[in-house]
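Student: I would like a close look at a single part of this model. Please keep it brisk.

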Amino acid sequence: MNQRLALSVLAASFCGLLFGYDIGAISSATLGLRAQFVLSAPALGVAMSSALFGTIVGSISAGFIADSIDRRRTLLLSAFLYCLASFGTCFAVCFIQFVVFRFGCGVAIGLISVAAPLYLAEIAPSRWRGRVVGSFQVNISIGVVLAFGLGYVFSHHFQPDMAWRWSFASGAVIALLCGALLFRASQSPRWLALKGRSAEVCTTLKALGSADPGADQAKLAATLDEFRASRQLTLFSRRHARPILLAAGIAIFNQLTGVNVLLYYILDVFAELGSGRLNGRKDAILMAAFSLLVTIIAVGIIDKVGRKPLLLAGAAGMGACLLALPAIRYMGWPAEAVIVVLLCYNVFFGFSQGAVVWVYLSELFPLPVRARGQSFGSTVHWVTNAIIIGSFPSIEKSLGGKAFVCLAAVMAIQFFVILLIYPETKHTSLESLASSISNQSVARDNG
């Protein structure tokens, strides 16, 4: 990996840190927000999910924006928007202002969730693609750890009505750092090819370390010729039916693992399941740090082991852990068992969905519709997330620990769907892989 490629990977993957920091910041702020604005359970759900509805808007529009102004400029736009919205959240004086600015933060995160994995997949060599795109998820995990850590520090140095504000102000600083790195990153050679800027394609491929820029450029041109007819069609055509279904499925299953419930409401989960620990914030830092460690390991092996085995192992392990969570309370197990079970859960999530989801979404669609396909998959991801996060306080109040039993049942379904339907994508060029998946849809229709 040469210096130019390394810098470009660092810049885009660093946007994942902003993504993860936003999750950890709102999770750390729950206690302060509940006291600051005197929130009921439904109102807390609105406060927690307001950014998620923004991510839906951001992810829906991201495909069009990424195709229009390129992937790198889309990430620059998102960093600028997040910086402004995060400062607005910090200085919000009423609940309505808070919700509006959090919505703006969500729009920026929605753009990042599409443009960053898309950009990373398009600049990565095939043999490293899993690790390169996986670095985005590693940075998400780093961002969560950082947010929990700063939340813990702020809670000890400021009053609750100020501690949560400092968490969001820190997010604006991270956004500025993202923007500074992105200014020096390369454009995507595949976006340049899509726009017919052939002279720049070869130069960019060479700058990114391609061993044979001419041959790589010829492959891109051949791919565009193959799908020239499909460029006149919408994403939602028969040709792309299979990648659409695969993208929607992996996005929905990712959220139905319950991972974001445990992230956003981890302090409440500790209380509900009777952790018995003196400081839930320390437990949260431990959970996030352990998840980061496991994700780093998984990203290191994803191109060797493959995507599918990791997803299968994760579905089985997370299902067992989700069943164990309510058992802690109902069986009268020691309170510290909550920490052990959640540590195990984070191992299985980090090894599976945590490392794979953004990689998989970036691999499914052919170049002419890749940005729109990535946008679709990310939108499904965020819609599912918003529904779950927004409704969880009320669901948890009604069902208590039984809610986790329902999630465990979904993990069993996920296991068999992945086993029987999902293809393995390792060690295949982006163009060959996407072409193969789309052509299977055509062959099935013709058959």
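Student: At which residue does α3 bend, and by about how many degrees?

Tutor: α3 bends by about 40° at A62. The bend is the angle between axes fitted to the seven residues ending there and the seven starting there. Some ground rules come next. This is a predicted model, so local features need pLDDT of at least 70, side-chain atom pairs count only at pLDDT 80 or more, and totals for chains, interfaces and linings use all residues. Residues are numbered from 1 along each chain as its sequence is written, and side-chain values use heavy atoms, with hydrogens and water left out.

Now the helix itself. Helices are DSSP runs (H or I, at least four residues), numbered from the N terminus. Helix α3 covers residues 41-69, which is 29 residues. The expected span is 1.5 Å times one less than the number of residues. For α3 that gives 42 Å, and the end C-alpha atoms are 41 Å apart, which agrees.

Just after α3, D70 takes a positive phi of about 90°. Then comes the partner, helix α4 (residues 71-90). The axes of α3 and α4 come within 7 Å and cross at roughly 120°. Axes here are lines fitted to C-alpha atoms over the stretch in contact, with angles from 0 to 180 degrees between N-to-C directions. That crossing angle makes α3 oblique to α4. Oblique is what remains outside under 35 degrees (roughly parallel), over 145 (roughly antiparallel) and 65 to 115 (roughly perpendicular).

Which residues touch? I65, A66, D67 and I69 of α3 meet R71, R73, T74 and L77 of α4. Contact means heavy atoms within 4.5 Å.

Technical notes. Helices (H or I, at least four residues) and strands (E, at least two) are DSSP runs, numbered from the N terminus.
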